[in-house]
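Welcome! Open the structure in your viewer and get ready to select a few things along the way.

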Amino acid sequence: MSDAASRSAPLLAGPLPPGSTLGILGGGQLGRMLALAAARLGFDVVILDPEENSPAGRVAARQIVAAYDDRWALKRLAEACDVITYEFENVPADTVAELTALGAVVSPGAKALAAAQDRVIEKSFLAEIGVPTVAFAAVKDADSLAAAVARIGAPSLLKTRREGYDGKGQAWIQRATDAEAAFETIGRQAAILEAPADFGRELSVIAARGRDGEIACYPLSDNHHEGGVLKRTVAPAKVTPATRDQAETIVIKILTALDYVGVIGVELFELAGGKLLVNEFAPRVHNTGHWTQDGCEVDQFEQHIRAVAGWPLGPTQPHAHVEMTNLLGADIEAWKKLAGEPETRLHLYGKGEARPGRKMGHVNRLRPLKD
Ligand code: AMP
């Protein structure tokens, strides 16, 4: 664990009153939707992002345009904000350490960030707290790769330890003899070798933990990927009470062990017999939780703001069945047709160029809960 994780972090004195200022590291769509939720609760938001005119910066009170390791910018952010959060898990650990040293309250904390940034630390942490995952082994060079393949077997999946997302930085090893080629494909970086999960469905659970330790879970989501990228989420997922209990037990263990404050997204594999394995978790609001914007009493964005601001958590009950579809790249061109569909709620991120695969927005299609 990094120094930042072991150093005792500053705490909030009590719930932040409206009019307080909230900082967000990262100016993408998640930051934008967090900023909108924060504004609705009466907070001012300051975004830190290196790019001018970021999607979040354009709806916030202010954006500081600077690199995440710009010490002067971090000082300005720490001075301006009563609490600071982040919208992506690859915030440099040193950024959080620096903000904490400046007396800022950063939530979720450094421990959650350290675990989520490194797949070996993440899976080791999950194993330590008794949360099931696929079998795995750490890989740092050709020798440890050979040892890992001997232990885990093939087929198996080689992933970079850090910075992989949306299926990037991954290569399947179908036979032991493919191992070297797979290592080459991922750029010979420090990696993790994972046993294949023979899953029937990919589910996720979004939950929040408040500053007083209160936990609230949303109903599970059923997620569908295309080319490694989330395309569609259906929620509440059709699951047995036992599956729901398993998911809630898992997320409660993670939140408690991390002494977590904020919303978390936990990605799950559902095996044939109903057992759940954790694939990974994201210490932030999550794409598979976007359905809550139109399907739940309090959505994941407001919930996150409530948690980090020290407010009571809101109710997570669903009031509609939602199918969330990401608008990737040119999908955005259908905005006019989508805006005309009465059961469709359109959420657009204000991004300029619709590059292939770029997340430009999403739609939530609603139907009554009882269907
Ligand atoms: P990740 O970047 O870890 O979220 O992985 C991206 C996608 O790859 C997941 O959503 C799964 O569809 C698939 N995947 C990841 N890990 C495994 C695994 N151990 N076994 C089978 N499929 C996997």
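Which are the buried residues of helix α3 (residues 71–80)? Select the helix and look for Ala73, Leu74, Leu77 and Ala78, the residues of α3 that are buried. Now turn the view until you look down the axis of α3: these buried residues fall within an arc of 135 degrees, so they line one face of the helix. An α-helix has 3.6 residues a turn, so residues three or four places apart point the same way. Next, colour Trp72 and Glu79, which are exposed on the other side of α3. Keep in mind as you go that this is a predicted model.

Now move to the ligand and show what surrounds it. You will find 17 residues there, and the closest are Lys159, Gln170, Ala197, Glu202 and Glu280. Colour this shell by class to see seven nonpolar, four polar and six charged residues.

Zoom in on some individual contacts. In the side chain of Arg119, an N or O atom is 3.0 Å from an oxygen atom of the ligand. For Glu194, a side-chain N or O atom is 3.0 Å from a nitrogen atom of the ligand. At Ala195, select the backbone instead: one of its N or O atoms lies 3.0 Å from a ligand nitrogen. Show the surface too, as the protein covers 88% of the 480 Å² of accessible area that the ligand has on its own.

Which elements give two or more residues to this shell? Select β6 (156–160), β7 (170–173), β9 (199–209), β13 (262–271) and β14 (276–282).

For the last stop, give domain 2 (135–194) and domain 3 (199–367) a colour each: both contribute residues to the shell, so the ligand lies between them.

Definitions and conventions: Residues are numbered from 1 along each chain as its sequence is written. This is a predicted model: local features need pLDDT of at least 70, side-chain atom pairs count only at pLDDT 80 or more; totals for chains, interfaces and linings use all residues. Side-chain values use heavy atoms; hydrogens and water are left out. A residue is near a molecule or strand if one of its heavy atoms lies within 4 Å of it. A polar contact is a pair of N or O atoms within 3.5 Å; within protein, one must be able to donate a hydrogen and the other to accept it, and residues adjacent in sequence count only if both atoms are side-chain atoms. Accessible areas come from the Shrake-Rupley method with a 1.4 Å probe; for residues, only the protein chains shown count as cover. Helices (H or I, at least four residues) and strands (E, at least two) are DSSP runs, numbered from the N terminus. Ala, Val, Leu, Ile, Met, Phe, Trp, Tyr, Cys and Pro count as nonpolar, Asp, Glu, Lys and Arg as charged, and the others, Gly among them, as polar. Domain bounds come from an automatic or database domain assignment. Buried means under 20% relative accessible area, exposed over 50%, partly exposed in between (1.4 Å probe, protein chains only). The arc is that of the directions from the helix axis to the C-beta atoms.
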